[in-house]
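Let's take a walk through this two-chain model, one piece at a time. Keep the structure open beside you as you read.

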Amino acid sequence: MIKVVHYINQFYGGIGGEEKADIKPEIRKGTVGPGMALKGALGEDAQIVATVICGDSYFNENLEEATSEILEMVKEYEPDLFIAGPAFNAGRYGVACGSICKAVKDSLNIPVISGMYPENPGAEMFKKDLHIIETANAATGMRQAIPAMAKLSLKLVKGEEIGPPSDEGYIPRGIRKNIFREERGSKRAVNILVAKLKGEEFETEYAMPDFDRVEPNPAIVDLKNAKIALVTSGGIVPKGNPDRIEASSASKYGKYDIEGVTDLTAETYETAHGGYDPVYANEDADRVLPVDVMRDLEKEGIIGGLHRYFYTTVGNGTSVANSKKFASTFTKELVSDGVQAVILTST
Amino acid sequence: MDLENQKRVLELSEKHGKENVVVVLGASEAESAGLAAETVTAGDPTYAGPLAGVSLGLGVYHIFELKDEVDADVYDEQCGMMEMVLDIDAIGAEVKSIRDQYSKF
């Protein structure tokens with residue numbers, strides 16, 4: 001018999017809604033709430049021996065304490081499988097499900113599973129650590145979520161081979177697996193292209209990561225009086241790269257004074273970037289960071305002025321998270337320095 | 001269906017007997033009407049409320065299905081407007097399908 005412990009929040013535990021979200025974790029024998037449906041879907045081979053119920057606010061406000069309390073409760077039942085949720089699009093519930101699943105997996109070394117709507121922040125945080133079945137955004141999707149979670153969790157606990165996300169219904173975990181294919185890559189690529197041109201369905205073999213889109217701000221009305229700054233991910237730095245910005249996967253950015261500088265020359269500036277042929281940027285760094293042209297525009301009165309500092313980093317392999325962190329820091333400086341617009345150049 | 005209403009339905013059916021209770025819905029969409037109908041017959045499909053795992057099998061109708069049972073003036077005043085703007089056929093079909101499957105009374 002496969003012993004299962006199930007985790008749910010105070011709402012599904014029948015304790016209450018938001019007003020009860022601060023309750024501490026408790027464990028009850030047998031099934032509670034969605035566990036009833038899970039029990040049916042898991043079938044005869046598995047038994048939900050206990051259900052942990054914890055308030056969403058309590059868990060998220062006392063992350064470490066709640067995790068270790070729950071872990072102790074779960075350990076007592078010596079489960080073979082741990083299931084949390086489904087949390088649908090409930091953010092704090094999703095984060096709680098993901099955190100506790102990861103903790104159980106790491107410390108008890110048993111299979112864990114949860115279910116969430118792909119936009120649940122818990123899905124983004126934990127999809128790499130565990131299998132999360134993709135669900136609808138609300139509890140009305142319970143009927144579809146439960147059988148899918150039960151099916152995949154039984155496969156996990158029995159050590160069966162887990163298929164790709166599209167077959168098993170879990171949120172892609174970013175894992176690539178080598179497999180043998182009958183047809184070589186070039187032929188498959190052409191087949192995909194032909195299908196695309198014909199408007200037929202096709203499945204990419206190399207899914208692009210999801211990047212959020214940034215809505216452009218309204219255009220500058222009064223360019224003549226606007227202070228413009230230059231920012232680049234093209235790695236332009238003063239000669240010698242004084243802050244040692246890495247050639248790839250940069251962990252920092254630089255801020256350099258260009259007061260009085262009208263032209264970047266081979267003697268004064270260079271690129272730290274390791275992802276493109278640096279010859280032309282080293283010969284004339286204005287090609288990447290156009291200080292010379294900006295000075296012309298300044299002189300001609302087309303722009304109000306060029307900001308005294310430029311900000312620079314290396315975009316080569318640098319994570320989106322790091323880039324966001326850099327920008328959130330220096331954007332505040334730019335705004336407080338009265339900069340109205342930024343020209344962002346890449347390579 | 002919210003937890004309070006589930007509790008009320010459960011209490012009323014215990015008090016008066018399941019065969020003596022009929023639930024009349026006023027939901028404005030087929031999906032939500034169907035979910036409410038399922039809750040009071042097969043049990044709460046979201047497994048969150050007092051009717052999770054409780055199959056009451058109550059009689060359940062949408063008010064649009066009961067037009068002929070209601071005083072025409074009252075119906076017109078209370079439901080006439082919504083009858084014009086909502087998809088009453090879809091709502092009726094959804095509730096009927098749930099009723100046919102799970103209602104025991």
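Before anything else, keep in mind that this is a predicted model. A handy place to start is the end of a helix: just after α6(A), Gly159(A) takes a positive phi of about 75°. Now step back into the helix itself. With 16 residues at 1.5 Å a residue, α6(A) should span 22 Å, and its end C-alpha atoms are indeed 22 Å apart, which agrees. Much of this helix is tucked away: Met142(A), Ala145(A), Ile146(A), Ala148(A), Met149(A), Ala150(A), Leu152(A), Ser153(A), Leu154(A) and Val157(A) are buried.

What does α6(A) pack against? One partner is α1(A): the two helices pack at an angle of about 50°, and their axes are 9 Å apart. An angle of about 50° falls outside the ranges for roughly parallel, antiparallel or perpendicular, so α1(A) and α6(A) are oblique to each other. The way α1(A) passes α6(A) is a right-handed crossing. If you want to see who touches whom, look for Ala37(A), Leu38(A), Ala41(A) and Leu42(A) in α1(A), which meet Met142(A), Ile146(A), Pro147(A), Ala150(A) and Leu154(A) in α6(A). By class, that contact has 9 nonpolar residues, with no polar and no charged ones.

This pair also takes us to the other chain. Here 11 residues of chain A are in contact with 8 residues of chain B. On the chain A side, α1 (35–42) and α6 (142–157) each supply at least two of the residues that touch chain B. Sort that side of chain A by class and you get 7 nonpolar, 3 polar and 1 charged residues.

Time to look at chain A as a whole. Its elements come to 11 helices and 13 strands. Of its 347 residues, buried ones make up 37%. Take the contacts in chain A with a separation of 6 or more, and 72% of them turn out to join residues 24 or more positions apart.

For a single-residue example of such a contact, find Arg28(A), which sits in strand β2 (residues 26–29) of chain A. Is Arg28(A) buried or exposed? The answer is in between: Arg28(A) has 13 other C-beta atoms within 10 Å, and because a residue counts as exposed at 12 or fewer and as buried at 20 or more, Arg28(A) is partly exposed. Leaving aside neighbours within four places in sequence, Arg28(A) is in contact with Ala50(A), Thr51(A) and Ile53(A). Take Ile53(A) from that list: Arg28(A) and Ile53(A) are 25 residues apart along the chain, with their C-alpha atoms separated by 7.9 Å.

Chain A offers another helix pair to look at. Helix α3 (residues 63–76) and helix α4 (residues 91–108) of chain A cross at roughly 55°, and their axes come within 10 Å. That makes α3(A) oblique to α4(A), and their crossing is right-handed. On the α3(A) side, the contact is made by Leu63(A), Thr67(A), Ile70(A), Leu71(A), Val74(A) and Lys75(A), while α4(A) brings Ser99(A), Ile100(A), Ala103(A), Val104(A), Ser107(A) and Leu108(A). By class, this contact has 8 nonpolar, 3 polar and 1 charged residues.

Now for helix α8 (residues 185–197) of chain A. Its 13 residues at 1.5 Å each should span 18 Å, and its end C-alpha atoms are 18 Å apart, which agrees. How many of the 13 residues of α8(A) are buried? The number is 0, so α8(A) lies largely in the open. After α8(A) comes Gly199(A), whose phi is positive, near 75°.

Finally, swing over to chain B. There you'll find 4 helices and 2 strands, which run α-β-α-β-α-α from the N terminus on. Of the 105 residues of chain B, 33% count as buried. Helix α2 (residues 30–41) and helix α4 (residues 88–102) of chain B pack at an angle of about 20°, with their axes 8 Å apart. Angles under 35 degrees count as roughly parallel, and α2(B) and α4(B) are therefore roughly parallel to each other. By class, their contact has 8 nonpolar, 2 polar and 3 charged residues.

Methods:
Residues numbered from 1 in each chain as written. Chains lettered and ligands numbered in written order. Predicted model: local features only at pLDDT ≥ 70, side-chain atom pairs only at ≥ 80, totals over all residues. Contact = placed C-beta atoms within 7 Å. Nonpolar A, V, L, I, M, F, W, Y, C, P; charged D, E, K, R; others polar. Expected span 1.5 Å × (residues − 1). Axes fitted to C-alpha atoms, helices over the stretch in contact; angles between N-to-C directions. Parallel < 35°, antiparallel > 145°, perpendicular 65-115°, else oblique. Left-handed = near helix turned anticlockwise from the far one by under 90°.
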